[in-house]
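Let's walk through this model together, starting with a bound ligand and then moving on to the metal site. Keep the structure open beside you as you read.

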Amino acid sequence: MEPRKITEGVFWVGAVDWDRRLFDSLIPLPDGTSYNAYLIKGSSKTALLDTVDPTKTDVLMSALRGVERIDYVVVHHAEQDHSGSLPVVLQKYPEAKAVCNPKCKEFLMDLLHIPEDRIVTVADGETLDLGGKTLEFIFTPWVHWPETVSTFLREEGILFSCDLFGSHLSFPGLYIDDEQRVCDAAKRYYAEVMMPFRAMIKKHLEKLSTYPVKIIAPSHGPLYKDPSCIIGSHLDWVSDRVSNTVIMPYSTMHGSTEMMVDHLAGRLYEKGVKVERFNLAYADTGRITMALVDAAAVVFGSPTVLGGAHPHVISAAFLINALRPKIRYSAIIGSYGWAGKMAEQVTANIGGLKAESLGTVLVKGRPRQDDFKKLDELADAIAAKHKDNGII
Ligand SMILES: Cc1cc2nc3c(=O)[nH]c(=O)nc-3n(C[C@H](O)[C@H](O)[C@H](O)COP(=O)(O)O)c2cc1C
Ligand SMILES: [Fe+2]
Ligand SMILES: [Fe+2]
């Protein structure tokens, strides 16, 4: 891959992973992703900001083939999708030092066995002068790990924000005009890696708003020439606002639980509540996490299987609980044959959600008229809660 010029002396030297289809062995990537690394040439020093996933080291090294000397490799984040090629870069450039914060140093030594004498640490707010190009390090912990740092290139107004504002989107240039497309992809990334740390992200957004940012250059996906749209989206995602939406992750083996889901979804729709239903046998986990960013309620649907909830529902409940979404209300519905602890198991897995339970509807076998009535009542209760609390 050829370096792509951003401004005078500043280049994108990353790798596009068009065919990557799964991140963290969990989240599908319909549009692939990119690992963005940046080269900044000052009049006296040259810095590389991040590297790429170890599977793409050869792409990075080919972009760097004309670069004779690198003085610093700024490591914003020790996760291997950005630090994975660091050992090879440090080997090729024996004079280069990895520049990172103390927490990141520890990770680099543990995860990549980088020798201590190749690392220099910096403090929050410290600057590094490359000769006419000043890097200011801004600590942004929990974007997405505790060590994560952003860099502001003062002279150019470029914010290298690492995972913050990143999107899983393969792209052939530096920028993409379709803002909505990038924001959707960024929502998928935010939902998985940053949503649990929403309160921290909110503080970082406040701090970063004091910088005169002209370009945002994240570590995944396209850069932003106009930062207002992506910052506006993040401000909304981290706010307390929830939308009038219920998400319904469910499993069904013979269709009874699905009949319940269909009925409840229909009634909610009639009441003006949006529904995002996910049959967990086929659902894209990324779409579920995206829906969680602003949904107000969740209704789990599960048959009883081997005495408890369907394993797909337990897995979804566990993930939803861990992602700490803004969900305010929850309910559980499902069909059973004889006996079991389905609802108890789901409940035990969502203890971390600060959600008010609006009830459980369990049906023996295929739902009958009386059961549909109970589902109507549940829909009415959800719609009333949303309305009474100004959720529109
Ligand atoms: C593999 C399997 C295991 C089951 N285990 C239980 C069980 O432990 N307790 C129970 O009450 N019903 C059990 N059932 C019965 C289902 O809960 C019942 O058929 C229910 O109506 C299925 O809902 P569905 O049509 O949404 O799949 C089991 C069914 C299957 C296929
Ligand atoms: Fe990360
Ligand atoms: Fe990343």
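This is a predicted model, and a good place to begin is ligand 1. A nitrogen atom of ligand 1 lies 2.6 Å from a backbone N or O atom of Ala339. The protein covers 80% of the 640 Å² of accessible area that ligand 1 has on its own. Two further backbone contacts are worth finding on your screen: a nitrogen atom of the ligand is 2.8 Å from a backbone N or O atom of Leu306, and an oxygen atom of the ligand is 2.4 Å from a polar backbone atom of Gly307.

Now look at the surroundings. The space that ligand 1 takes up is the largest pocket, and 17 residues surround the ligand, with Met253, Thr304, Gly307, Ser335 and Ala339 the closest. What is the character of this shell, in nonpolar, polar and charged residues? Seven are nonpolar, ten are polar and none is charged. Helix H8 (256-270), strand S20 (304-305) and strand S22 (329-336) each contribute at least two residues to the shell.

Next, turn to the metals. The iron ion (ligand 3) has as its protein donors Asp81 (OD), His82 (NE2), Asp163 (OD), Tyr189 (OH) and His220 (NE2), at 2.1 to 2.6 Å. Along the chain, these donors follow the spacing D-H-x80-D-x25-Y-x30-H. His82 belongs to helix H2 (residues 80-83), while Asp163 sits in the loop between strand S15 (158-162) and helix H5 (179-193), so this pair ties together parts that are 81 residues apart in sequence. Asp163 also coordinates the iron ion (ligand 2), which is 3.3 Å from the iron ion (ligand 3).

Note on methods. Residues numbered from 1 in each chain as written. Chains lettered and ligands numbered in written order. Predicted model: local features only at pLDDT ≥ 70, side-chain atom pairs only at ≥ 80, totals over all residues. Heavy atoms only, no water. Near = heavy atom within 4 Å. Polar contact = N/O pair within 3.5 Å; in protein donor to acceptor, adjacent residues only side chain to side chain. Areas by Shrake-Rupley, 256 points an atom, 1.4 Å probe, with all protein chains shown as cover. 1 Å grid on protein atoms, 1.4 Å probe; cavity = no way out; pocket = protein on both sides within 12 Å on 5 of 7 lines; lining within 4 Å. Sits in = over half its atoms within 2 Å of the grid points. Helix = DSSP H or I, 4+ residues; strand = E, 2+ residues; numbered from the N terminus. Nonpolar A, V, L, I, M, F, W, Y, C, P; charged D, E, K, R; others polar. Donors = N, O, S within 2.8 Å, 3.2 Å for Na, K, Ca; no water.
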